[in-house]
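Work through the exercises below with the sequence and the 3D structure in view. Try each task before reading its solution.

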Amino acid sequence: MPAIAWRPVLVLTAFYWAVLVAVSARYGFHRDELYFIEAGRHPAWGYPDQPPLLPLLMRAITEVSGESMVAVRVVAASIVAAGVVVAALTARELNGGRTAQLMTAAAYAVSPFILNIGHSLYTVTVDLLATTALIWLLLRWVRTGQAVWALTAGAAAAVALQAKYLVAFVLAAILAGMLIAGPRDLLRRAAPWAAAVVAMIPSIPSLLWQHAHGWPQLGMAEAIGANDDFLGRPGFLPYLVILTGLLTSPLWAYGWVRLFRSPRLHRYRFLGWAYLILVVSFLAAGGKPNYLAGLWAALWAAGAVELESRLAAARWPRPVLPGVYAVAGALAAVMSLPIYPLAWLARSPQATNSATTETVGWPALVAEVARVRDTLPPAERPLVTIMADNYGEAGAIDLYGGRYGLPPAHSGHNGYWHFRVPARDGGPTIFVGPRGAAGRAYLARFWHEVTPAGRIDNGVGLASKEQGRTIWICRGQRAPWRELWPSFAHLGMTGRA
């Protein structure tokens with residue numbers, strides 16, 4: 001096996017981490033982070049839209065550092081930076097030397113999607129590292145045949161399953177790939193099946209929670225499939241190229257082809273089949289291109305290993321590859337990192353990047369809710385209930401509302417529906433989010449009097465999901481909250497109205 005190129009890989013990793021930490025305090029929390037902070041205050045074995053790991057991790061961060069955005073982002077940066085090292089180790093596992101290891105690590109680092117999830121803390125931030133490590137450990141098991149690596153891969157799968165259930169599809173595709181292309185002899189041993197037990201045991205409480213609540217994760221998957229953030233099936237492959245990087249996507253494509261054709265990679269051909277199976281499956285089911293991210297490091301590694309000897313024979317000028325990666329990194333930063341002044345953001349290349357747009361305007365939203373509350377007669381203000389259409393709005397009110405003396409927010413969106421039920425009947429309700437005539441019609445199902453009282457404005461003209469939404473004052477509740485509450489439950493990426 002080639003030596004591990006520790007020094008250059010760690011230098012690259014440290015620089016990558018430092019860049020992410022340097023921009024960690026810019027803009028604001030993402031809507032998902034606001035949700036995870038509140039979910040961490042309501043620990044459970046499961047949630048309608050996720051396993052329990054991210055809320056628990058967010059709870060640990062906030063217990064140690066308070067509700068510090070920098071602390072949350074440092075954790076995210078550290079997790080993704082660790083993935084850079086694992087990517088290099090994956091190339092080494094395929095017998096790649098120093099050049100292949102650096103090519104793979106750099107391709108991982110400059111992927112716009114991976115750079116994006118290194119700036120904020122999402123379920124996919126943890127899932128990606130765990131799945132990338134899982135693939136590396138599986139490759140090591142295939143190379144050595146030693147049971148310890150299969151069991152360690154099972155432990156990595158257990159962590160991934162606590163962040164997202166997506167890794168179950170990855171494992172199923174890998175199993176299918178091994179049945180098609182081998183090495184089938186390894187499947188006749190006890191180790192992979194013991195590893196499956198290791199992976200599944202920690203998920204039993206979460207699966208029991210899902211069963212007890214009617215498997216809401218299935219409804220959530222259907223709602224995600226209906227979301228058109230990536231323009232549906234026609235946009236799947238173009239967005240796959242964008243997410244992996246315009247300049248580095250040829251490397252994973254080359255690696256995927258070489259997994260089928262290269263004699264030196266023949267024992268790992270199952271990865272090529274697994275990737276093909278996942279692409280076809282996600283295209284058929286309406287999945288997203290980023291669902292494939294856990295296999296990208298292995299494909300980049302396969303391409304880098306195959307290119308390494310060719311580049312040495314071709315005697316390319318030494319600065320060419322670093323120059324390509326430097327340009328790719330600059331393009332990824334332009335697309336993914338909060339590098340623009342807020343006043344420029346609406347006219348920047350990130351104006352349509354929801355990972356950026358959904359980090360702007362939350363304090364302004366809460367200030368507007370407080371202003372609407374202050375328009376109520378003094379006798380009504382202590383009786384007010386605050387409802388939000390989605391968990392981002394509710395999470396912002398819960399995080400920033402204390403400075404205005406606002407009560408806790410309620411929402412029927414995803415896990416928020418389980419956190420708390422409004423306890424006071426009969427008082428006015430401030431409802432945040434529903435738009436225009438359709439929003440009024442929706443709210444009129446629950447209140448006799450529905451009046452627009454405010455408008456959400458992030459102040460920088462950014463077309464976020466919240467921009468321009470209405471804040472309503474609702475009076476004349478048609479039934480007690482306990483009767484109304486089931487009607488507010490909804491699953492999806494954003495709110496109902």
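**Exercise 1. Tyr27**

Task: Decide whether Tyr27 counts as buried or exposed.

Solution: Step 1. Tyr27 has 18% relative accessibility and therefore counts as buried; buried means under 20% relative accessible area, exposed over 50%, and partly exposed in between, with a 1.4 Å probe and protein chains only.
Step 2. Tyr27 belongs to the loop between α1 (6-22) and α2. Helices (H or I, at least four residues) and strands (E, at least two) are DSSP runs, numbered from the N terminus.
Step 3. The phi of Tyr27 is near 60°, a positive value in a residue other than glycine.

Before going on, note that this is a predicted model, in which local features need pLDDT of at least 70, side-chain atom pairs count only at pLDDT 80 or more, and totals for chains, interfaces and linings use all residues. Residues are numbered from 1 along each chain as its sequence is written, and side-chain values use heavy atoms, with hydrogens and water left out.

**Exercise 2. Asn95 and Gly232**

Task: Find where Asn95 lies and where Gly232 lies, and state the accessibility of each.

Solution: Step 1. Asn95 sits in the loop between α4 (69-93) and α5 (98-110). Its phi is positive, about 75°, although Asn95 is not a glycine.
Step 2. The relative accessible area of Asn95 is 49%, so Asn95 is partly exposed.
Step 3. Gly232 is in the loop between α12 (216-226) and α13 (236-244). With 39% relative accessibility, Gly232 counts as partly exposed.
Step 4. Gly232 and Pro289 are 57 residues apart along the chain, and their C-alpha atoms are separated by 9.9 Å.

**Exercise 3. His119**

Task: Which residues is His119 in contact with, leaving aside its neighbours within four places in sequence?

Solution: Step 1. Locate His119 in helix α6 (residues 112-119).
Step 2. Contact means heavy atoms within 4.5 Å. By this rule, and without the neighbours within four places, His119 is in contact with Leu20, Val23, Ser24, Arg26, Arg73, Leu337 and Pro338.
Step 3. His119 has a relative accessible area of 6% and is therefore buried.

**Exercise 4. The sheet**

Task: Give the order of the strands in the open sheet of five strands, and name its edge strands.

Solution: Step 1. The order is β2-β1-β3-β5-β4, with mixed pairing; two strands pair if DSSP finds at least two bridges between them.
Step 2. β2 (409-411) and β4 (447-455) each pair on one side only, which makes them the edge strands.
Step 3. Neighbouring strands of this sheet are turned by 30° against each other on average, direction ignored. Axes are lines fitted to C-alpha atoms, for helices over the stretch in contact, and angles run from 0 to 180 degrees between N-to-C directions.
Step 4. Strand β1 (residues 385-388) runs parallel to strand β3 (residues 429-432), and four bridges join them. Ile386 stands opposite Ile430 in β3, and Met387 stands opposite Phe431 in β3.
Step 5. β1 also runs parallel to β2, with three bridges between them. Here the bridge partner of Met387 is His410.
Step 6. In a regular strand the side chains alternate between the two faces of the sheet. In β1, Thr385 and Met387 are on one side and Ile386 and Ala388 on the other; all are buried, and both faces are covered.

**Exercise 5. Aromatic pairs**

Task: How many aromatic pairs does the structure hold? Describe the pair of Tyr35 and Tyr416 and the pair of Phe431 and Phe488.

Solution: Step 1. There are 23 aromatic pairs. Rings of Phe, Tyr and Trp (its six-membered ring) pair if their centres lie within 6.5 Å; planes under 30 degrees apart count as stacked, over 60 as edge-to-face and the rest as tilted.
Step 2. Tyr35 and Tyr416 are 6.3 Å apart centre to centre, with 25° between the planes, and the pair is stacked.
Step 3. Tyr35 lies in helix α2 (residues 31-40) and Tyr416 in helix α22 (residues 416-419), so the pair ties together parts that are 381 residues apart in sequence. Both Tyr35 and Tyr416 are buried.
Step 4. Phe431 and Phe488 have ring centres 6.2 Å apart and planes at 35°, so this pair is tilted.
Step 5. Phe431 is in strand β3 and Phe488 in helix α24 (residues 481-488), so parts 57 residues apart in sequence are tied together by the pair.
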